[in-house]
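Subject: Structure handover

Hi,

Here is the structure I promised you. Please open it first, then read my notes below.

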Amino acid sequence: MSALPTPRRVAIIGYNRIPFARQFTNYAQASNQDMMVAALNGLINKYNLAGRQLGEVAGGAVIKHSWEINLMRECVLHTSLDPKTPACDIQQACNTGLEASMYIANKIALGQIECGIAGGVDSTSNVPLVLNEHVRKILLSARRSKSAWDRIKQFSKIKLKDFTPEAPMNLEPGTGLSMGGHTEYTAKFYNISREDQDAFSLLSHKNMAAATDRGFYKDMVTPYLGLTEDNNMRRDTSLEKLAKLKPAFDKVNGTLTAGNSSPLTDGASCLLLASEEWAAANNLPVLAYITHAEMAAIEYVEAKQNLLLAPVYAAPKMLQKAGLTLQDFDYYEIHEAFAAQVLALLKIWESKDLSAAFGVPALGILDRSKLNINGSSLATGHPFAATGGRVIATLAKLLNEKGSGRGLISVCAAGGQGMTMILEK
């Protein structure tokens, strides 16, 4: 058996996304394919990829209709890429964008392809509606019936209320709780105050507003359906306004609100990844390199407070492999599903006792002035599968602007999973 090739460095060459839109606003009628094609076309136009056959396109959506079984391939066929470009769907909840990036990156590292696109898209407005389980069983029974009379008897069991469609619920099957419901447990268990959550959220909006004003996002976003920038950002928010919001999940004793939780959002993002040789041959600069990544999972059915804390396991493993400490970074991009989830993660990383409860070493304190300096999901919104591409693009651009350095990414996901990544320039 031949030896495996020496892994090549994987370069981030480009990025593009459409503005992220709050649920039921500008993209209420747009499908996953519509949004992903718009993001891909923006990338194709920006980097002169029209008519080119790329190694592969990978990505996906968390919320899909039954007919979207080959979503990314259909998206490719509706762009100006050479139709011989293959594509595949990947889905890992909020880690989808990062996992798609690693899928493409690993193929480049092993020399299987020279370049590829990783992406993600989600619509929380255009969701599949289904009939309830009672009707489904009746229809199946009617289909198996031997006579017209038997079918009529089955149909007679259907009630008027059975025709009310059911939308997919954002609940964990093992617990019946939403991510917000779980994070209420997180906030209480790790003593994350409402005041700290609101302050963290306010900073996300302020940082994003400042980044927008200085033009940081201008070359990263393709206008779409009347939007030129994300419409979730609140320039006029304040601690006073955030404090007036009512709890969203635990109505009596909760601390999570619409202000310190990421909103349901529609959007799409994508990244162009390549070998150094392909980048040079195409006169495209390297923005940054993907050097390490680690996937982890955590038990959360018994320990309900830990649903979104799998990076507690991922980060120490990754840092050990990289020979780095948590303090060896110029920037940190931590996905803000909820302010409480980020603050709990930081608290665990800092505490020897809390880290020991997970069987991992404490990582210490990171410099908060380097964390999410351009805002993150609390301000931009969070279209589940599209967030990974946004986070990687943001960090790659920061490192490219600096001209050197390294950054750490951490993204949590439903199902008790999480992923960390290191980018270097």
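First, a term you will need: helices (H or I, at least four residues) and strands (E, at least two) are DSSP runs, numbered from the N terminus. Please keep in mind that this is a predicted model.

Ser410 is found in strand S9. Is Ser410 buried or exposed? Its relative accessibility is 2%. Buried means under 20% relative accessible area. Ser410 therefore counts as buried. Setting aside neighbours within four places in sequence, Ser410 is in contact with Pro311, Glu333, Ile334, His335, Leu345, Trp349, Met419 and Thr420.

**The annotated site**

Stay in strand S9, which spans residues 406–413 and also holds Cys412. The UniProt record, an unreviewed entry, carries the annotation "active site" for Cys94, His382 and Cys412. These residues are spread over 319 residues of sequence, yet they cluster in space. The largest C-alpha distance among them is 12.0 Å.

Now take two of them in turn. Cys412 has a relative accessibility of 3%, so Cys412 counts as buried. Neighbours within four places in sequence aside, Cys412 is in contact with Cys94, Asn95, Leu308, Pro311, His335, Ala337, Gln341, Gln417 and Gly418.

Where is His382? Look in the loop between helix H13 (377–380) and helix H14 (387–402). His382 is buried too, with a relative accessible area of 3%. With neighbours within four places in sequence left out, the contacts of His382 are Cys94, Ser262, Pro263, Thr265, His335, Ser377 and Thr387. So Cys94 turns up in the contacts of His382 and in those of Cys412. His335 does as well, for His382 and for Cys412. Ser410 also contacts His335.

**An enclosed strand**

Next, find strand S5, residues 115–122. Why is S5 described as largely enclosed by the rest of the structure? Because 8 of its 8 residues are buried. Both faces of S5 are covered. On one side, Cys115, Ile117, Gly119 and Val121 are buried. On the other, Gly116, Ala118, Gly120 and Asp122 are buried.

S5 pairs with strand S3 (residues 56–60) in the parallel sense, over 5 bridges. Within that pairing, Val57 has Ile117 in S5 as its bridge partner. S5 also pairs with strand S6 (residues 265–275). Here the strands run antiparallel, and 8 bridges join them. Asp122 stands opposite Gly267 in S6.

**Two packed helices**

Two packed helices are described by the angle between their axes and the distance between the axes. Try helix H6 (residues 179–189) and helix H11 (residues 339–350). They pack at an angle of about 40°, and their axes are 9 Å apart. That angle makes H6 oblique to H11. The crossing of H6 past H11 is left-handed. Which residues meet there? Thr183, Thr186 and Ala187 come from H6, and Ala340, Gln341 and Ala344 from H11. You have seen Gln341 before, as a contact of Cys412.

**One more cysteine**

Last, go to Cys75 in helix H2 (residues 71–77). Cys75 has 0% relative accessibility, so Cys75 counts as buried. Cys75 and Leu40 are 35 residues apart in sequence. In space, they are 8.2 Å apart, C-alpha to C-alpha. Apart from neighbours within four places in sequence, Cys75 is in contact with Gln33, Met36, Val37 and Leu40.

Best wishes

Key: Residues numbered from 1 in each chain as written. Predicted model: local features only at pLDDT ≥ 70, side-chain atom pairs only at ≥ 80, totals over all residues. Heavy atoms only, no water. UniProt positions renumbered as here; feature names shortened; annotations may be inferred. Buried < 20%, exposed > 50% of the residue type's maximum accessible area, 1.4 Å probe, protein only. Contact = heavy atoms within 4.5 Å. Pairing = 2+ DSSP bridges. Axes fitted to C-alpha atoms, helices over the stretch in contact; angles between N-to-C directions. Parallel < 35°, antiparallel > 145°, perpendicular 65-115°, else oblique. Left-handed = near helix turned anticlockwise from the far one by under 90°.
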